[in-house]
Amino acid sequence: MTLLRLEGVTVRFGDRAVVDAVDLEVAEHETVCVLGPSGSGKSTLLRVVAGLQPPTAGRVLLGGADQAGVPVHRRGVGLMFQDHQLFPHRDVGGNVAFGLRVRGGSAKAEQKERVARLLDLVGLPGAQGRAVASLSGGEQQRVALARALAPSPRLLMLDEPLGQLDRGLRERLVVELQGLFSRLGTTVLAVTHDQGEAFALADRVVVMRDGRIAQAGTPLEVWRRPASEFVARFLGFENVVPATVTGGAAATPWGKVPVPEGSPEGEQRLLVRPAGVVPCAAGLDCVVESRTFRGTHVALLLRPEEGPVLEAECDLAAAPAVGDRIAVAFTPSEVVVLPSA
């Protein structure tokens with residue numbers, strides 16, 4: 001069942017459309033991550049849903065009800081920002097209980113029990129009396145999350161929630177958040193510029209560009225089938241070249257490249273994932289320009305005899321040395337024909 005529906009939402013600042021006719025649905029108990037570079041409109045979209053930014057045009061519906069004119073505190077949404085925005089004059093318990101007090105309707109004993117339960121959930125049991133200044137960055141994020149969850153919002157919204165944390169802590173918290181949202185059945189709309197974070201957390205990913213949705217789908221769908229060169233390059237794929245596709249193969253600057261069955265023909269753009277560039281006995285001759293250890297594999301930068309540089313991946317044990325000459329071929333299942341425009 002759809003909880004949130006955006007219909008033609010537009011936000012203009014002067015002549016510039018920061019958000020441009022966006023349609024989007026978020027189902028109950030679903031986690032949707034809006035992904036995009038700076039200036040793509042993702043944070044503005046979140047502010048519209050929260051009621052912090054009125055749309056120039058379009059509608060925001062929560063549970064089927066139009067939110068035009070409904071103030072932030074009446075929308076039943078929880079907000080968690082990148083900079084935490086904790087109250088320094090309140091202890092941890094006071095910060096978490098703040099949302100409950102604003103909402104009202106619960107006795108102090110009930111508030112105390114709810115605060116304790118939420119701090120247990122976010123991994124800070126017994127921290128009610130700690131000062132905000134004594135918390136690490138990761139602990140502050142946990143308190144901010146507990147505060148956002150305290151009033152049991154029907155929609156939880158996260159704006160770059162882990163952006164200020166180091167990578168190791170960010171990766172651990174993503175896993176914890178995923179499990180927590182699943183246990184609570186929380187509906188989540190999150191904004192991030194980090195595709196790894198979005199792909200790990202989301203049931204569905206929405207990629208934005210210049211205020212519009214460039215692609216929406218499951219993480220696997222978006223990763224396997226980028227809808228455009230913009231999406232492919234935003235996800236970190238660099239092996240994109242012009243191509244003429246005919247009869248199951250593409251003429252490219254690297255020579256003939258096999259394409260998946262059913263690929264559109266004509267003038268296109270071609271993406272070859274690094275995993276699809278494989279060493280072979282006879283193929284495109286290349287020189288290894290660099291190699292980078294990536295934990296599970298080695299990333300290679302290859303300089304072919306014809307065409308632009310190629311990114312490739314290989315097993316640790318089979319990685320050639322810098323300066324080695326190798327021949328490579330292309331795996332059709334790792335080739336994607338992108339629209340030419």
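A residue counts as buried when its relative accessible area is under 20%, with a 1.4 Å probe and protein chains only. M80 has a relative accessibility of 4%, so M80 is buried. The model in which this value was computed is a predicted one.

M80 belongs to strand β6, which covers residues 77-81. Apart from neighbours within four places in sequence, M80 touches Q141, A144, L145, A148, M157, L158, D159 and P161. For a sense of scale, M80 and C314 are separated by 234 residues in sequence, and their C-alpha atoms lie 40 Å apart in space. The box that holds the C-alpha atoms of the chain, taken along the principal axes, is roughly 75 × 45 × 35 Å.

The chain as a whole contains eight helices and 20 strands. Of its 341 residues, 48% are buried. Among contacts with a separation of 6 or more, 65% are between residues 24 or more positions apart.

Next comes the nonpolar interior. In soluble globular proteins, nonpolar side chains tend to be buried together. Here the largest nonpolar core has 48 residues, and V96, L119, L145, L156, F181 and V207 are those with the most contacts inside it. Helix α4, residues 137-149, is the largest contributor to this core, giving six residues. F181 shows what such a position looks like in detail: with neighbours within four places in sequence set aside, F181 is in contact with T31, L145, L156, L158, T186, V188 and L201. Two of these names, L145 and L158, also appear among the contacts of M80.

The aromatic rings can be followed separately. A pair of aromatic rings is described by the distance of the centres and the angle of the planes. Across the whole structure there are five aromatic pairs. One of them joins F199 and W223 in an edge-to-face arrangement, with 5.9 Å from centre to centre and 75° between the planes. This pair connects distant parts of the chain, since F199 is in helix α6 (residues 195-201) and W223 is in helix α7 (residues 219-224), 24 residues apart. F199, W223 and F237 are linked by ring pairs into a cluster. W223 has a relative accessibility of 35%, so W223 counts as partly exposed.

Another ring, that of F87, is associated with arginine side chains. R90 lies over the face of F87 at 5.6 Å from the ring centre. R147 also places its charged end over the F87 ring, at 5.2 Å from the centre.

Further along the chain is an open sheet of five strands, with antiparallel pairing and the order β13-β12-β11-β14-β20. The edge strands are β13 (255-258) and β20 (335-338); each has a single partner strand, so one side of each has no neighbour in the sheet. From one strand to the next, the twist averages 40°.

Within this sheet, β11 (residues 240-246) pairs with β12 (residues 249-252) in the antiparallel sense over three bridges. T244 has A251 in β12 as its bridge partner. Strand β14, residues 266-272, is joined to β20 by four bridges, and the two run antiparallel. In this pairing R269 is the bridge partner of L338 in β20.

Is edge strand β20 covered or open on its faces? Both faces are covered: V335 and V337 are buried on one side, and V336 and L338 are buried on the other. L338 therefore combines a buried position on one face of β20 with a bridge to R269.

Conventions
Residues are numbered from 1 along each chain as its sequence is written. This is a predicted model: local features need pLDDT of at least 70, side-chain atom pairs count only at pLDDT 80 or more; totals for chains, interfaces and linings use all residues. Side-chain values use heavy atoms; hydrogens and water are left out. Two strands pair if DSSP finds at least two bridges between them. Axes are lines fitted to C-alpha atoms, for helices over the stretch in contact, and angles run from 0 to 180 degrees between N-to-C directions. Rings of Phe, Tyr and Trp (its six-membered ring) pair if their centres lie within 6.5 Å; planes under 30 degrees apart count as stacked, over 60 as edge-to-face and the rest as tilted. Buried means under 20% relative accessible area, exposed over 50%, partly exposed in between (1.4 Å probe, protein chains only). A charge sits over a ring if NZ of Lys or CZ of Arg is within 6 Å of the ring centre and within 35 degrees of the ring normal. A nonpolar core is a set of buried Ala, Val, Leu, Ile, Met, Phe, Trp, Tyr and Cys residues joined through side-chain atoms within 4.5 Å. Contact means heavy atoms within 4.5 Å.
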